[in-house]
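Student: I would like a close look at the charged side chains here, and at what lies around them. Please take me through them one part at a time.

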Amino acid sequence: IREGDVGDFFCFLIDGELKVTKNGRTLNLLTVGDCFGEMAVISKSTSTRGADIVALSEEARIITVQGDAMRQASDACRMHFYQAFLEVLTSRLTIANARLAAL
C-alpha cells in the first residue's frame, strides 16, 4: 500500500510483520492481529492512503475487508468494528503525542 493510493478497504495482518512509514519515517510496526487501512474506509472526506505499508518479513498474509462489505453489514456489526477502530486510533494518537512531546 502506498501513500496517496485510493483504497476503500482495510486489512488485518494474520501472519508476518509490516512497517508503516510516511515520508520515509517509521510511524508504526504492525504484528499479527493488527489492522490497517481503516481510516480510508471510515473517513467521509477521502479514501486515499495516508502512509506506506511495507512488509518486513519475507511473507506477510492479510485479510482484506472491502468498504462496501462494511456498509452492507448490520448496524450492530458496524458498531463493533467502529468501536475497535476507535480503540486502535486512540492508541495510535497516544503514541504519536508521546513521541511529539519527547522532541
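Tutor: Let's begin with a term we will need throughout: a residue is buried under 20% relative accessible area, exposed over 50%, and partly exposed in between, using a 1.4 Å probe and protein chains only. Please keep in mind that this is a predicted model, where local features need pLDDT of at least 70 and side-chain atom pairs count only at pLDDT 80 or more, while totals for chains, interfaces and linings use all residues. Residues are numbered from 1 along each chain as its sequence is written, and side-chain values use heavy atoms, with hydrogens and water left out.

Now to the charged pairs. A salt bridge is a side-chain nitrogen of Lys or Arg within 4 Å of a carboxyl oxygen of Asp or Glu, and by this rule there are 6 of them. Glu 3 pairs with Lys 22, with 2.6 Å between the closest N and O atoms. Helices (H or I, at least four residues) and strands (E, at least two) are DSSP runs, numbered from the N terminus. Because Glu 3 sits in the segment before strand 1 and Lys 22 in strand 2, this pair ties together parts that are 19 residues apart in sequence. Glu 3 is partly exposed, at 33% relative accessible area, and Lys 22 is partly exposed too, at 31%.

Another salt bridge joins the side chains of Asp 8 and Arg 71, at 2.4 Å from N to O. Asp 8 belongs to the segment before strand 1 and Arg 71 to helix 2 (residues 67-72), so here the parts tied together are 63 residues apart in sequence. Asp 8 is partly exposed at 27% relative accessibility, as is Arg 71 at 42%. The two belong to a network of salt bridges that links Asp 8, Asp 68 and Arg 71.

Arg 78 and Asp 75 form a salt bridge as well, again with 2.4 Å from N to O. Both residues lie in helix 3 (residues 75-101), 3 residues apart, which is about one turn of the helix. Their surroundings contrast: Arg 78 is buried at 16% relative accessibility, whereas Asp 75 is exposed at 53%.

Asp 52 makes a good counterpoint. For charge, Lys and Arg count as positive and Asp and Glu as negative, with His and the chain ends not counted. Asp 52, which lies in strand 5 (residues 52-55), is buried yet has no salt bridge, and the nearest side chain of opposite charge, Arg 2, is 4.4 Å away. What the side chain of Asp 52 does reach is the backbone nitrogen of Glu 3, at 2.6 Å. Taking contact as heavy atoms within 4.5 Å, and leaving out residues up to four places away in sequence, Asp 52 touches Ile 1, Arg 2, Glu 3, Lys 19, Val 20 and Thr 21. Glu 3 thus appears in this contact list as well as in the salt bridge with Lys 22.

Beside Asp 52 in the sequence comes Ile 53, whose contacts beyond four places in sequence are Ile 1, Leu 18, Lys 19, Val 20 and Phe 36. A nonpolar core is a set of buried Ala, Val, Leu, Ile, Met, Phe, Trp, Tyr and Cys residues joined through side-chain atoms within 4.5 Å. The largest such core has 8 residues: Cys 11, Leu 13, Leu 18, Val 20, Leu 30, Phe 36, Ala 51 and Ile 53. Strand 1 (9-15) and strand 2 (18-22) are the elements that give two or more residues to this core. A second, separate core of 6 residues includes Phe 10, Cys 35, Val 41 and Phe 85.

Finally, back to a charged residue in helix 3, namely Arg 99. Arg 99 is partly exposed at 46% relative accessibility. Apart from neighbours within four places in sequence, Arg 99 is in contact with Thr 26 and Leu 27. The side chain of Arg 99 reaches the backbone oxygen of Leu 27 at 2.6 Å.

Notes
A polar contact is a pair of N or O atoms within 3.5 Å; within protein, one must be able to donate a hydrogen and the other to accept it, and residues adjacent in sequence count only if both atoms are side-chain atoms.
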